[in-house]
Amino acid sequence: MAAPKVAVVGAGVIGLSTAQCIMETCPGCSITVLSDQFSPNTTSDVAAGMLIPHTCPGTPTHVQKQWFRETFTYLFAISNSAEASEAGVHLVSGWQVFKNTPKEELPFWSDVVLGFRPMSKAELQKFPQHRFGQAFMTLKCDCPSYLLWLEKRLKAAGVQMQTRKVADLWELHSKYNVVVNCAGIGAHQLVGDEKLFPIRGQVLKVHAPWVKNFIRDGDGLTYIYPGIHRVTLGGTREKDNWSLSPDPGATKDIFDRCCSLEPSLRGAQEIEVKVGLRPARQCVRLQREVLSQGGVKLQVVHNYGHGAGGFSVHRGTAKEAAHLVGECIAALQDSSSRAKL
């Protein structure tokens with residue numbers, strides 16, 4: 001069988017990192033990334049890029065932890081390399097604070113991040129509205145930088161990038177042996193997934209270089225995440241809201257909530273509003289499927305539905321998707337050699 005041709009649909013963090021993992025695990029492949037949007041116009045470009053997992057109720061905890069650990073290990077190595085600045089990956093310390101002590105004082109990921117511990121009473125004095133807190137160090141990706149870094153690495157390895165709107169996976173069957181669906185919220189229409197729904201996220205990107213530590217309210221709704229060039233202030237979680245237009249009321253609410261956690265933000269400059277649609281479902285869809293029409297078959301791998309937690313697990317799920325692509329290629333080679341007998 002000639003070099004297998006693989007198409008990856010979607011150029012957000014999931015699509016690009018899946019293409020990268022396929023390149024690493026299936027070196028004989030020809031890979032093309034197809035998307036109607038590339039950075040800086042993807043949902044991933046809006047994301048804060050903080051590695052703090054969001055619990056996914058439909059996925060076993062040990063699986064989520066494995067995905068997170070693999071992602072953390074991968075990005076930690078980048079943060080300790082000469083690539084760190086270009087990739088936009090850096091360590092950041094901070095606090096997660098709660099108005100009431102949570103049921104789970106030790107989240108499942110506490111031994112993956114660095115230096116996880118309960119906050120001292122002295123530290124909590126900075127947050128008079130909050131009774132309990134956790135201090136730790138984690139990683140942050142400045143998303144547009146990271147996506148461009150991934151694109152550059154893929155292109156250097158011979159991966160093709162093609163701007164194209166894919167309306168139906170089946171339209172790719174004549175040109176590609178395996179199709180990988182990393183379409184994010186686009187999978188709602190692309191494969192008719194009714195279990196997938198948007199959670200609208202609005203964030204502010206501000207210039208406040210004095211803010212060095214992240215602060216996250218335990219409910220996950222209010223957060224301050226310092227990046228290399230901008231601080232991300234959030235946020236909103238609006239289920240089933242498809243609007244990409246900024247809401248001025250939400251902008252004021254986000255700013256006020258963040259200022260109540262960090263009053264110095266009142267002096268922030270250059271406030272930019274960004275909106276993205278997080279692709280949410282009960283669990284990430286990470287599986288093989290064989291599409292069939294008139295006796296012709298198309299091998300498909302799905303990797304989408306990461307909700308608000310895509311950056312925290314992107315490398316782990318990409319590695320698993322690449323393993324499934326390897327299984328598809330093995331099945332194709334097996335049927336090809338049987339056909340010759």
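**A guided tour of the predicted model**

Select Lys-121 to begin; this residue is located in helix α5, which covers residues 121–124. The structure on display is a predicted model. Lys-121 counts as exposed because its relative accessible area is 76%, and the cut-off for that class is over 50%. Add Arg-131 to the selection: the two residues are 10 apart in sequence, and their C-alpha atoms are 9.0 Å apart in space.

Next, select residues 5–324. An unreviewed UniProt entry assigns the feature "domain: FAD dependent oxidoreductase" to this range. Over residues 5–324, helix makes up 28% of the chain and strand 31%. The C-alpha atoms at the two ends of this range are 15 Å apart.

Now turn to the open sheet of six strands. Its order is β6-β2-β1-β7-β15-β14, and its pairing is mixed. At the edges are β6 (160–163) and β14 (285–293), each of which pairs on one side only. On average, neighbouring strands of this sheet are turned by 20° against each other, direction ignored. Within the sheet, select β1 (residues 5–9) together with β2 (residues 30–35); these strands run parallel and are joined by five bridges. Val-8 has Val-33 in β2 as its bridge partner.

Move on to strand β10, residues 223–226. Which of its residues point one way, and which the other? Tyr-223 and Tyr-225 point one way, while Ile-224 and Pro-226 point the other way, and all are buried.

Keep β10 selected and add its two partners in turn. Strand β9 (residues 214–217) pairs with β10 in the antiparallel sense over two bridges. Ile-215 stands opposite Ile-224 of β10. The hairpin of β9 and β10 has five residues between the strands, and Gly-220 in this hairpin takes a positive phi near 80°. Strand β11 (residues 231–234) also pairs with β10 in the antiparallel sense, over four bridges. Here the bridge partner of Tyr-223 is Gly-234 in β11. The hairpin of β10 and β11 has four residues between the strands.

The last stop is the second largest pocket, which holds about 370 Å³ of space. To find its centre, select Pro-53, Thr-55, Gln-96, Arg-216 and Gly-218, which lie nearest to it among the 16 lining residues. How many residues of each class line the second largest pocket? The lining has six nonpolar, six polar and four charged residues.

Technical notes: Residues numbered from 1 in each chain as written. Predicted model: local features only at pLDDT ≥ 70, side-chain atom pairs only at ≥ 80, totals over all residues. Heavy atoms only, no water. 1 Å grid on protein atoms, 1.4 Å probe; cavity = no way out; pocket = protein on both sides within 12 Å on 5 of 7 lines; lining within 4 Å. Points joined across faces, edges and corners; volume = space filled by probe spheres on them. Nonpolar A, V, L, I, M, F, W, Y, C, P; charged D, E, K, R; others polar. Buried < 20%, exposed > 50% of the residue type's maximum accessible area, 1.4 Å probe, protein only. UniProt positions renumbered as here; feature names shortened; annotations may be inferred. Pairing = 2+ DSSP bridges. Axes fitted to C-alpha atoms, helices over the stretch in contact; angles between N-to-C directions.
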